[in-house]
Amino acid sequence: MQTITVDTSFFTGCNTGCNKRKEVIRKYTQIGYFTLNLDDAKEYLYAKSTKRRILSWHDIHVNVFI
């Protein structure tokens with residue numbers, strides 16, 4: 001597993017509706033990764049309508065961290 005650390009200068013946290021800062025989590029652990037390719041895109045799009053077409057596609061690499 002891969003672990004990343006985020007510096008507070010890069011990520012300062014999120015504001016809630018009450019303008020209170022949430023706790024900043026500085027370490028994340030990778031729990032998975034996958035690539036969405038042209039076949040995945042066609043399967044998703046054609047499930048909704050077979051009349052639509054994909055004219056250009058670049059693979060999307062997704063990393064999931066918690």
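Where is Trp57 found? Hold that thought for a moment. First, a caution: what you see is a predicted model.

Now the answer. Trp57 sits in the loop between α1 and β3. Its relative accessibility is 32%, so Trp57 counts as partly exposed.

Let's step back to the whole chain. There is one helix, and there are three strands. Follow the sequence and you read β-β-α-β. The chain has 66 residues, and 11% of them count as buried. The accessible surface comes to about 6100 Å². Carbon and sulfur atoms own 54% of that surface.

Next, contacts. Take the contacts in the chain with a separation of 6 or more. Of these, 51% join residues 24 or more positions apart.

Here is an example of residues far apart in sequence. Ile60 belongs to strand β3, which covers residues 60–65. Phe34 is 26 residues away along the chain, yet the two C-alpha atoms are separated by 8.4 Å. Leave out residues up to four places away in sequence, and Ile60 touches Phe34, Thr35 and Leu36.

Is Ile60 buried or exposed? In between: Ile60 is partly exposed, because its relative accessible area is 39%, and the partly exposed class runs between the 20% and 50% cut-offs.

Now back to Trp57, with company. Trp57 and Ile60 both belong to a nonpolar patch on the surface. The other members are Ile31, Phe34, Leu36, Leu38, Val64 and Ile66. Together the patch has about 670 Å² of accessible area. Which strand gives the most to this patch? That is β2, with three residues. Strands β2, at 27–36, and β3 each supply at least two.

The surface has a charged area too. Asp39, Asp40, Glu43 and Asp59 form a negative patch. Look at Glu43 in that group. Glu43 lies in helix α1, residues 38–48. Its relative accessible area is 60%, so Glu43 is exposed.

Stay on helix α1 for one more residue. Leu45 lies there as well. Why does Leu45 count as buried? Because its relative accessible area is 14%, and buried means under 20%. What does Leu45 contact, leaving aside neighbours within four places in sequence? Arg52, Arg53 and Ile54.

So, to recap helix α1: Glu43 is exposed, while Leu45 is buried. And on the surface, find the nonpolar patch with Trp57 and Ile60, then the negative patch with Glu43. Thanks, everyone.

Definitions and conventions
Residues are numbered from 1 along each chain as its sequence is written. This is a predicted model: local features need pLDDT of at least 70, side-chain atom pairs count only at pLDDT 80 or more; totals for chains, interfaces and linings use all residues. Side-chain values use heavy atoms; hydrogens and water are left out. Patches are made of residues with over 30% relative accessible area and no salt bridge: like charges are joined within 9 Å, nonpolar side chains (Val, Leu, Ile, Met, Phe, Trp, Tyr) within 5 Å. Accessible areas come from the Shrake-Rupley method with a 1.4 Å probe; for residues, only the protein chains shown count as cover. A salt bridge is a side-chain nitrogen of Lys or Arg within 4 Å of a carboxyl oxygen of Asp or Glu. Lys and Arg count as positive and Asp and Glu as negative; His and the chain ends are not counted. The place of a charge is taken as NZ of Lys, CZ of Arg, CG of Asp or CD of Glu. Helices (H or I, at least four residues) and strands (E, at least two) are DSSP runs, numbered from the N terminus. Buried means under 20% relative accessible area, exposed over 50%, partly exposed in between (1.4 Å probe, protein chains only). Contact means heavy atoms within 4.5 Å.
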